[in-house]
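Could you walk me through this structure in the viewer, one selection at a time? I would like to know what to click on and what is there.

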Amino acid sequence: MYNKCDIYHTFIMNAQKLINILLNNNEKVITYSSSEVIFNEGEECNFVCFILSGSVKISSIVGEQESIIAILQKNDLFGNALLFSSSSLYQGDVISLSKTELIRVNKLRLLDYFKNEEFLLLFLSLLSDERLKDKETIKTISIISTKDRLLYKLKNNDELLYIKSVVELSKELHTSRENLSRIIKSLSKEGIIKKIGHYIKANKKSDI
């Protein structure tokens, strides 16, 4: 079952492999400054974009309020759901939230890459993991308590959770780094979890 591995870690690993293939093929890296518009709402999507660094917001104005569709960061991609769609128009403005580097691959170029079996399998795996990641995110953020979100995520990863950093995990759990650090410290003192390097492990004596 998918919850017996860390979907987020697998997603990042596959994304990095794809990005390395693109870089090795001398794909152009485009840099955007903070608050720069990358694509406008209603603009046709002609590329799949791979984020090398920084972060991107996709949002639309509904009435007088901003509706955020997605916040994307390093190793995420966008445009993949629109590029081959019969309705390929962006549903919101795509805006760089910080200095952001990305690679844009058009449809013909992407189809050419699909002739490379390794690239094709990685890309398909990335799309599958993205769906599972999104599904897991929806389940996680529906839990009100950050503490319970963390324990839920830990339980669904066989009680051993790989974390690249507390900052990255805080983004996944939709909380601040400071709050998550306090919760990890508190749960460790209570003997519920142990933090060992880049891993958080459930204490087998506790019931999470």
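Start by selecting D112, which counts as partly exposed at 36% relative accessibility. This is a predicted model, so please read every distance on the tour as a computed value. Now add K115 to the selection: the side chains of D112 and K115 meet in a salt bridge, with 3.5 Å from N to O. K115 is exposed, and its relative accessible area is 69%.

Next, pick R109 and E27. Their side chains form a salt bridge of 2.7 Å, N to O. R109 belongs to helix α2 (residues 107–113), while E27 sits in the loop between α1 (7–24) and β1 (29–32), so this pair ties together parts that are 82 residues apart in sequence. Are the two partners buried or exposed? R109 is partly exposed, with a relative accessible area of 31%. E27, at 14% relative accessibility, counts as buried.

For another bridge, go to R177 and E178. Their closest N and O atoms are 3.1 Å apart, and the two residues form a salt bridge. E178 is partly exposed with a relative accessible area of 41%, and R177 is also classed as partly exposed, at 40%. Returning to the residues you selected earlier, E27, R109, D112 and K115 are joined into one network by salt bridges that share partners. The structure holds 5 salt bridges.

Keep helix α6 (residues 177–189) in view and select S188, which lies in it. S188 is partly exposed, with 31% relative accessible area. Draw a distance from its C-alpha to that of K201: the two residues are 13 apart in sequence and 9.8 Å apart in space.

That brings you to a hairpin. Select strands β10 (residues 193–196) and β11 (residues 199–202), which run antiparallel and are joined by 4 bridges. Which residue of β11 stands opposite K195? It is I200. The hairpin formed by β10 and β11 has 2 residues between its strands, and G197 in the turn has a positive phi of about 60 degrees.

Now for a sheet. Colour β1, β8, β3 and β6 in that order: these 4 strands form an open sheet with antiparallel pairing. β1 and β6 (77–78) stand at the edges with a single partner strand each, so one side of each has no neighbour in the sheet. Zoom in on β3 (residues 47–53) and β6, which pair in the antiparallel sense over 2 bridges. Click on C49, and you will find that its bridge partner in β6 is F78.

Two backbone angles deserve a stop. Most residues other than glycine have a negative phi. S35 has a positive value, near 75 degrees, and is not a glycine. You will find S35 in the loop between β1 and β2 (37–39), where it counts as exposed at 56% relative accessibility. N75 is not a glycine either, and its phi is positive at about 80 degrees. This residue is in the loop between β5 and β6. Is N75 buried or exposed? At 5% relative accessibility, N75 counts as buried.

Switch to a surface view and select I68, I71 and L97. Together they make a nonpolar surface patch of about 270 Å². I68 lies in strand β5 (residues 65–73) and counts as partly exposed, at 49% relative accessibility.

Finally, zoom out to the whole chain. There are 6 helices and 11 strands. Of the 208 residues, 40% are buried. The accessible surface comes to about 11700 Å², and 51% of it belongs to carbon and sulfur atoms. Among contacts between residues at least 6 apart in sequence, 72% join residues at least 24 apart.

As a last step, colour by pLDDT. The mean for the chain is 86, and 87% of the residues reach 70 or more. Then select residues 1–5, where pLDDT stays under 50 and the model has 12 contacts beyond four places in sequence. Where pLDDT is low, the predicted coordinates should not be read in detail.

Methods. Residues are numbered from 1 along each chain as its sequence is written. Side-chain values use heavy atoms; hydrogens and water are left out. Patches are made of residues with over 30% relative accessible area and no salt bridge: like charges are joined within 9 Å, nonpolar side chains (Val, Leu, Ile, Met, Phe, Trp, Tyr) within 5 Å. Accessible areas come from the Shrake-Rupley method with a 1.4 Å probe; for residues, only the protein chains shown count as cover. A salt bridge is a side-chain nitrogen of Lys or Arg within 4 Å of a carboxyl oxygen of Asp or Glu. Buried means under 20% relative accessible area, exposed over 50%, partly exposed in between (1.4 Å probe, protein chains only). Contact means heavy atoms within 4.5 Å. Two strands pair if DSSP finds at least two bridges between them. pLDDT is the predictor's confidence in each residue, from 0 to 100.
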